[in-house]
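I opened the file to look up salt bridges and how their partners are covered. My entries follow.

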Amino acid sequence: MKIKFYLLFFSLSVLLLQCKNPLEKIQLDIDASKIITYSAVFEVVEAKGASIEGLKVNIDGEDADAIYDLGGTKNFAVHSGMLSFGVDPRSNPTEINPVRFNVVLSGPGFITERIPVTIVENQLQQLNQVAVMRETNPPSSGNVINSTYPLVSNAIAKELTFSTPLSNGATERISMTLPAGTQFKNAAGTVIQGSSLSVTVLSFNMANEDSYSHFPGGSLVSENVIGAAGEQLAATFLPAAFGNIEMRVAGIEVKSFTLPVKVVMDINAAYQNELTAQAVREGDKLAVYSHETLTGIWKAEKQAAVTRIDGKFQLPFTTDHLTWYMTGVVFTAARPKVKPNMEITFLAPWLKGADLPVTVKIKRSGCLIKKQLHALKHNGKLIVNGVLPGTYTIEVFGKDGKLLYTGTVVVSASNNVQITFEIASPAIVGPVVSMELKLKCPDKGFLITPPDFYLYYMEANSTGSYQLLGLVSGGTFTTRLLDLNKTYHFKAVWGSRTKIVLNRKVSTENLLIANQNNAGKGGCGCAQAQITMFLEECAKL
Amino acid sequence: MYHKSKKQTKDQILPFFRDSDFLAGIRLRNFLSNRFRSGHWRLIVLIILCHFCFLSGINHAFAQDIDVFSEKKNNVQPLFTPSIAAHIGTQGLGIDLNIPASERLNFRFGGSFLPLKYATVRNFGGENASMKMNARFNNVHAIADVHPFARSANLLSKMVFSAGAGYFYTASGDFRFQPTGDYSYGELTFSGPEVGEMQAKMNWEGFAPFAGLGLNSLKLNQRLNMDLGLGTYRFRSPSVSLIGTRLISSSATDEAQFQQNVSDYRWLPVLQFGLNYNFTFKKQ
């Protein structure tokens with residue numbers, strides 16, 4: 001009887017041993033870093049280092065609806081010098097559909113800038129620089145004339161000529177001649193009534209490479225181009241000269257004239273005419289394009305011949321409206337060009353898993369087509385889109401502007417160009433420093449891995465400004481730009497959130513953990529020093 | 001003769017029924033009261049009901065069997081005969097080939113297939129999520145049945161003790177959890193399917209020992225008889241993975257916690273009914 005009882009009891013009890021709730025202590029968490037996977041970040045500065053207070057940010061364009069800040073809101077603003085945009089994950093770019101939108105920076109006293117942004121598939125991050133200009137205080141690469149002239153019966157009484165000054169090392173200028181009797185119209189085409197004309201003409205020193213960053217749109221490529229026959233095009237510009245002319249009568253912006261006005265743009269003798277494969281000569285035909293900031297569209301105006309007067313090359317042309325103007329060689333192609341032209345892979349095994357912030361300059365015939373900031377990794381890729389077929393020079397600069405690599409790339413009319421560059425190790429390179437950056441939230445008992453963000457640094461005793469250290473991904477980061485036993489300040493910027501961590505010393509403590517993390521995140525597990533930081537930013541991520 | 005048999009049946013069965021079940025009930029209640037959550041009470045009641053059911057079935061079958069048995073008391077019918085059996089139970093549907101080695105020893109070779117599907121809504125830290133489960137337990141097994149009470153004159157004559165092993169070439173569970181509501185990130189709102197799923201997978205593939213007991217050869221007719229079995233397989237701790245898709249985070253910490261939570265999920269209870277076809281029966 002007892003045997004029977006125990007047999008029965010055993011058979012029932014064994015069924016009930018697996019009782020623990022399988023979901024105990026498990027949360028269904030949303031990973032914020034998986035929401036915004038494509039982003040574009042801008043470092044925004046004033047061209048002469050002044051404050052950008054009052055600068056407003058708006059976006060427009062075909063995919064503007066899918067663009068948010070990194071916190072998922074439509075509140076775009078510059079925070080700690082950084083302006084960030086993220087793509088709604090449901091509208092991420094695909095192979096045939098890149099994401100396109102425009103960033104418009106404007107404000108009282110600022111020259112409005114409209115920067116087209118294109119994000120293609122696999123181009124997860126891009127970091128760009130924008131230097132906004134003030135109307136009355138241009139950058140050192142530019143020159144401006146601000147003058148006021150009297151009007152008689154709402155018109156110029158006699159022929160009026162004005163030019164930008166030759167200063168800041170500039171040897172070229174933009175001149176404008178208004179014939180007598182010229183009246184001034186607003187955007188609606190109505191003659192503006194007023195007693196004086198305010199003129200602002202901005203020209204750039206093309207011998208100064210910084211000038212190219214002020215080219216309308218921020219680079220010499222554009223996908224918003226209207227050809228001479230009205231067709232929609234993409235273009236690569238090789239400017240010989242460019243500038244902006246603005247006029248106001250009674251505070252109202254002048255958009256056109258009742259009589260054609262003459263514009264003369266001086267051309268640097270060193271300008272390389274790619275069409276002739278020689279320096280510019282008298283008689284060369286150069287294109288004239290206008291750019292309307294309000295729409296961001298470049299428009300083919302005319303072809304004009306280079307003249308030479310008093311030994312100076314000039315390009316004169318007439319116009320009846322005011323916008324930005326450029327003259328030079330322009331290559332066009334049918335739009336849209338959806339594939340990226342350049343996929344640059346960097347080889348730098350000496351980095352040992354570390355990031356190396358670099359500036360990549362893409363040039364053609366001496367013109368700086370694009371300048372891109374990049375957090376370079378060994379076997380990492382930089383995607384450069386919108387570059388039309390041609391021969392380009394790639395220059396990679398490291399810390400303090402040191403040239404790390406230069407090479408030539410030929411972009412053909414076919415699809416992607418994939419290039420691999422090997423970056424040689426510098427003679428002196430810092431130790432492998434592993435960093436762990438987590439979010440420590442008082443209301444949660446554990447650390448959270450933050451979304452990807454850019455990290456900046458400066459030496460603790462320095463009076464300089466924060467410099468880019470690299471892109472932190474998955475809460476860990478490796479660098480070789482820091483020195484052992486030195487103390488640094490760090491700045492993390494993510495969307496509208498900025499976290500500054502002061503006085504962190506590069507130490508050799510906890511190297512076992514550092515190496516485990518370093519190896520686990522694609523590094524070599526060979527960290528020589530370690531920094532741990534808790535960023536303590538816990539709003540809903 | 002028949003009434004006498006029935007009285008004997010009652011005298012023999014009822015003490016077992018009343019005594020052991022009553023005591024088993026008390027012991028179980030005490031055992032369980034300090035340990036198990038209410039959800040498991042439903043399982044307990046189900047098992048007890050099954051216990052009552054199969055005892056009732058036994059009573060019915062055994063009543064007839066006793067009749068024959070008492071008549072042929074001195075001519076013991078072999079419990080084990082070469083036969084093919086189909087079974088259904090908690091290890092699924094399957095087929096066994098019974099090959100007796102002796103009067104007291106039988107070998108069973110067979111396989112079972114168990115597909116499971118289930119859906120419900122669970123709560124994750126205050127958030128509701130739909131849960132869909134797909135599980136499969138397919139095995140081939142080899143089991144030895146021992147008949148120690150061959151000469152007994154009661155229910156024990158049908159009782160066997162089984163031991164063996166199964167190879168589970170498929171033994172896995174796939175659980176998918178998806179938030180049922182919307183999730184907001186800033187001004188972005190995502191529906192449950194857009195948020196994604198947490199996919200929890202458990203795997204027990206491999207060999208698993210088996211132990212159990214049962215009642216064999218409950219005769220239905222000359223060629224057909226019924227087996228009732230109760231036992232369990234014991235697996236190794238399952239290997240698990242916990243993956244978040246789309247926006248759901250995949251956390252090594254959560255996976256380790258999940259592994260810990262299910263580390264004791266190692267038992268597959270077997271309660272099954274088999275129908276045997278005796279292909280060596282000869283009419284006398």
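I looked up B:Lys201 and found a relative accessibility of 36%; it is partly exposed because this value lies between 20% and 50%. The model is a predicted one, so I take each value as computed from its coordinates.

I then checked the partner of B:Lys201. B:Asp174 forms a salt bridge with B:Lys201, and their closest N and O atoms are 3.9 Å apart. B:Asp174 sits in strand 5 (residues 159-179) and B:Lys201 in strand 8 (residues 198-203) of chain B, 27 residues apart. B:Asp174 has 18% relative accessibility, so I list B:Asp174 as buried.

For chain B as a whole, I noted four helices and 12 strands. Of its 284 residues, 42% count as buried. The exposed area is about 15,300 Å², with 59% of it from carbon and sulfur atoms.

I went on to the full count, which is 18 salt bridges over all chains. One of them joins A:Glu223 and A:Arg100 at 2.5 Å, N to O. I placed A:Glu223 in strand 13 (residues 221-226) and A:Arg100 in strand 5 (residues 99-106) of chain A, 123 residues apart. Both A:Glu223 and A:Arg100 are buried.

My next entry is A:Lys361 with A:Glu209, a salt bridge of 2.5 Å, N to O. A:Lys361 is in strand 25 (residues 356-364) of chain A, and A:Glu209 is in the loop between strand 12 (196-204) and strand 13, 152 residues apart. I list A:Lys361 as buried because its relative accessibility is 14%, while A:Glu209 is partly exposed at 25%. I also found A:Glu209 and A:Lys361 in a network of salt bridges with A:Lys363 and A:Glu395.

Definitions and conventions
Residues numbered from 1 in each chain as written. Chains lettered and ligands numbered in written order. Predicted model: local features only at pLDDT ≥ 70, side-chain atom pairs only at ≥ 80, totals over all residues. Heavy atoms only, no water. Helix = DSSP H or I, 4+ residues; strand = E, 2+ residues; numbered from the N terminus. Buried < 20%, exposed > 50% of the residue type's maximum accessible area, 1.4 Å probe, protein only. Areas by Shrake-Rupley, 256 points an atom, 1.4 Å probe, with all protein chains shown as cover. Salt bridge = Lys/Arg side-chain N within 4 Å of Asp/Glu carboxyl O.
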